[in-house]
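Biologist: I should be grateful for a close look at a single part of this model, together with its surroundings. Please set out the account as one connected answer.

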Amino acid sequence: MRSGTVAGLLLAAGRGSRLGTPKALVEFAGERLVDRGVRLLDEGGCHPVVVVLGAATVQVRGAVTVRNPGWASGMGSSLRVGLAALPEEAEFVVVVLVDQPLIRAGAVRALIASGAGLAVATYGGRRRNPVLIGREHFAGVAELAEGDVGARAYVRAHPELVTEVPCDGHGDPADIDTPEDLHLLEAE
């Protein structure tokens, strides 16, 4: 079991241009995606949970919200804002994207249980989200997070540091980018 505080970070700042509405506001199975993401991190064992907002400003229960004034520049700026907003006692963070509603808390728990300082969930052998980042990597991750690239650039630059954690059986990493995606995932 990991000693040290593990925070959760939900990136929910985007406009959802192809979807037609900010993803944080989208309802999936009767629950807003932002609330679903907070619940995922909470049930996975992350405390506190920080949500980065931008295109939409919403009240979120059970989380600390921060606004990314540069949200339009992409996910990289939201990751930087979120990492900077974490409390000092957070030794690790699990980063989740708001638009992947089928990921389950077991994936978050598996990353935490890995004991790694930098871990990526895999599904069918492919790296996806969520990602666990130890504090010693925060600055490096933030430095390489640009445009629509979050932690991926740092993970690719440091393969020797990455632990892959199989999360098959802990949900599906499919994301919602269009109304069609939303309808397909709701059908599942």
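Modeller: In what follows, contact means heavy atoms within 4.5 Å. The model is a predicted one, and the part chosen here is helix H2, which comprises residues 75–85.

The buried residues of helix H2 are Gly-76, Ser-77, Ser-78, Leu-79, Gly-82 and Leu-83. These buried residues pack against three strands, namely E1 (5–11), E4 (49–53) and E6 (90–97), and against helix H4 (135–144).

Ser-78 offers a detailed view of this helix, since Ser-78 has a relative accessibility of 3% and therefore counts as buried; the cut-off for that term is under 20% relative accessible area. Ser-78 belongs to helix H2. When neighbours within four places in sequence are set aside, the contacts of Ser-78 are Leu-11, Ala-13, Val-52 and Asn-68.

Strand E1, one of the elements against which the buried residues of H2 pack, may be examined through Val-6. Val-6 is located in strand E1 and is buried, because its relative accessible area is 6%. Again leaving aside neighbours within four places in sequence, Val-6 is in contact with Gly-45, Cys-46 and His-47, and also with Phe-92, Val-94 and Ile-112. Val-6 is also 8.8 Å from Gly-134, C-alpha to C-alpha, although 128 residues separate the two in sequence.

Cys-46, one of the contacts of Val-6, leads to the matter of disulfides. The structure holds 0 disulfides. Cys-46 takes part in none, and the nearest cysteine sulfur, belonging to Cys-167, is 12 Å away. A disulfide requires cysteine sulfur atoms within 2.5 Å, and the sulfur of Cys-167, at 12 Å from that of Cys-46, its closest cysteine sulfur, is therefore too far away for a bond. Cys-46 counts as buried because its relative accessibility is 0%. Cys-167 is likewise counted as buried, because its relative accessibility is 0%.

As for the annotated context, UniProt places the feature "domain: MobA-like NTP transferase" at residues 8–159, in an unreviewed entry. In the model, the end C-alpha atoms of residues 8–159 lie 23 Å apart, and this span is 32% helix and 26% strand.

To return to the part chosen, the buried residues of helix H2 pack against strands E1, E4 and E6 and helix H4, and Ser-78, buried at 3% relative accessibility, has Leu-11 and Val-52 among its contacts beyond neighbours within four places in sequence.

Technical notes:
Residues are numbered from 1 along each chain as its sequence is written. This is a predicted model: local features need pLDDT of at least 70, side-chain atom pairs count only at pLDDT 80 or more; totals for chains, interfaces and linings use all residues. Side-chain values use heavy atoms; hydrogens and water are left out. Buried means under 20% relative accessible area, exposed over 50%, partly exposed in between (1.4 Å probe, protein chains only). Helices (H or I, at least four residues) and strands (E, at least two) are DSSP runs, numbered from the N terminus. UniProt positions are given in the numbering used here, feature names are shortened, and annotations may be inferred rather than shown by experiment.
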